[in-house]
Amino acid sequence: MRQSSSFVRMAVAALLWWVGVGQALPQQPVRAELVEKIRKVLAELPYYGMFDHLVFELEEDRVTLGGYAFQPVLKAWAEREVSRVGGVAKVDNQIEVLPASTNDDRIRMAVFRAIYKDPDLAGYGFGGETWRAFTRNEHEILYFQREPLGIHPIHIIVKHGNVILVGLVASQEDKTLVGVKANGVSGVFSVTNNLRVDQRMKAP
């Protein structure tokens, strides 16, 4: 009887260990899949453009949203769509809605033209060689923590005349040039250049 009892305990322990291993093994793939789903949802939001910048963090089944939204509707849509992703139980929406400002709107468009219309940076615009490299690789590049960039490699955030540049460039020279172009716009008080250099942005 004692041997039978020991055997049962050993069998139960082995079963529990096996169940634990079986549950632990898929955790990483499941998390990676959930991260990709959230990234895709944010990147494809209809109101997400180059004047916004969204980030997110995933902790178990809870998602924290951050970054900047040019329009209030983007903040609401981001929370709604992420909350619908299977596996997400709670969304903490900390996205900052940028203040409405005619001067900031002018600066946004001026910085956009200074960067994307510059002949030396033309490849970053729609259809350009650098843009094509970006669209091929953006889903693999989750720098900072989690930052979907959508269809724009360079995002321009403007708040009270201060500019923050975020996104991807192909070289340190391009990063420097983008910063110089933004700094040259009339009315800009400061430029924070958070662009990241990634070799995958280079055209083959």
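Is Asp-198 buried or exposed? Asp-198 is buried, with a relative accessible area of 13%, and its salt-bridge partner Arg-200 is partly exposed at 36%. Welcome to a short tour of this predicted model. The tour takes in 9 salt bridges, helix H4 with its 15 residues, a largest nonpolar core of 28 residues and 4 aromatic pairs.

**Salt bridges**

- The count of salt bridges in the model comes to 9, and a few of them are worth a look one by one.
- Glu-96 pairs with Lys-159, with 2.4 Å between the closest N and O atoms. This pair ties together distant parts of the chain, since Glu-96 belongs to strand S4 (residues 96-97) and Lys-159 to strand S5 (residues 154-159), 63 residues apart.
- On the Glu-96 side the relative accessibility is 27%, so this residue counts as partly exposed. Lys-159 is also partly exposed, at 30%.
- Asp-105 and Arg-108 meet through their side chains at 2.8 Å, N to O. Both sit in helix H4 (residues 102-116), 3 residues apart, or about one turn of the helix.
- Residues three or four places apart in an α-helix point the same way, because the helix has 3.6 residues a turn.
- The two ends of the Asp-105 bridge have their own burial classes: Asp-105 is partly exposed at 33%, while Arg-108 is buried at 1% relative accessibility.
- Arg-200 and Asp-198 form a salt bridge whose closest N and O atoms are 3.0 Å apart.
- Glu-60, Asp-61 and Arg-62 are joined in a network of salt bridges.

**Helix H4**

- From its first C-alpha to its last, H4 reaches 21 Å, close to the 21 Å expected for its 15 residues at 1.5 Å a residue.
- At the start of the helix, a side-chain oxygen of Ser-101 comes to within 3.4 Å of the backbone nitrogen of Asn-103.
- Buried residues of H4 include Asp-104, Ile-107, Ala-110, Val-111 and Ala-114. Arg-108, the partner of Asp-105 in a salt bridge, is on the buried list as well.
- The cover over these buried residues includes S5, strand S6 (162-169) and helix H6 (172-183).

**Nonpolar cores**

- Which residues touch the most other members of the largest nonpolar core? They are Val-111, Ile-115, Tyr-124, Ile-154, Ile-156, Val-163 and Leu-165, out of 28 residues in that core.
- H4, helix H5 (129-137), S5, S6 and H6 each supply at least two residues of this core, and H4 gives the most, with 7 residues.
- Leu-165 shows how such a core residue is surrounded. Leaving aside neighbours within four places in sequence, the contacts of Leu-165 include Ile-115, Ile-156, Val-178, Ala-182, Val-191 and Leu-195. Also among them are His-155, Gly-179, Thr-192 and Asn-193.
- A second, separate core has 19 residues, including Leu-34, Ile-38, Ala-78 and Val-85.
- As background, nonpolar side chains tend to be buried together in soluble globular proteins.

**Aromatic pairs**

- The structure holds 4 aromatic pairs, and two of them are described here.
- Phe-112 and Tyr-116 have ring centres 5.5 Å apart and planes at 35 degrees, so the pair is tilted. The two residues are 4 apart in helix H4, about one helical turn, and both are buried.
- Phe-126 and Trp-131 pair edge-to-face, with 5.6 Å centre to centre and 75 degrees between the planes. Phe-126 is exposed, at 59% relative accessibility.

**Loop residues with positive phi**

- Glu-60 has a positive phi of about 55 degrees although it is not a glycine. Its place is in the loop between strand S1 (53-59) and strand S2 (62-69).
- Glu-60 is exposed, with a relative accessible area of 62%, and takes part in the salt-bridge network with Asp-61 and Arg-62.
- His-160 also has a positive phi of about 55 degrees without being a glycine. This residue is found in the loop between S5 and S6.

Technical notes: Residues are numbered from 1 along each chain as its sequence is written. This is a predicted model: local features need pLDDT of at least 70, side-chain atom pairs count only at pLDDT 80 or more; totals for chains, interfaces and linings use all residues. Side-chain values use heavy atoms; hydrogens and water are left out. A salt bridge is a side-chain nitrogen of Lys or Arg within 4 Å of a carboxyl oxygen of Asp or Glu. Buried means under 20% relative accessible area, exposed over 50%, partly exposed in between (1.4 Å probe, protein chains only). The expected span of a helix is 1.5 Å times one less than its number of residues. Contact means heavy atoms within 4.5 Å. A polar contact is a pair of N or O atoms within 3.5 Å; within protein, one must be able to donate a hydrogen and the other to accept it, and residues adjacent in sequence count only if both atoms are side-chain atoms. A nonpolar core is a set of buried Ala, Val, Leu, Ile, Met, Phe, Trp, Tyr and Cys residues joined through side-chain atoms within 4.5 Å. Rings of Phe, Tyr and Trp (its six-membered ring) pair if their centres lie within 6.5 Å; planes under 30 degrees apart count as stacked, over 60 as edge-to-face and the rest as tilted.
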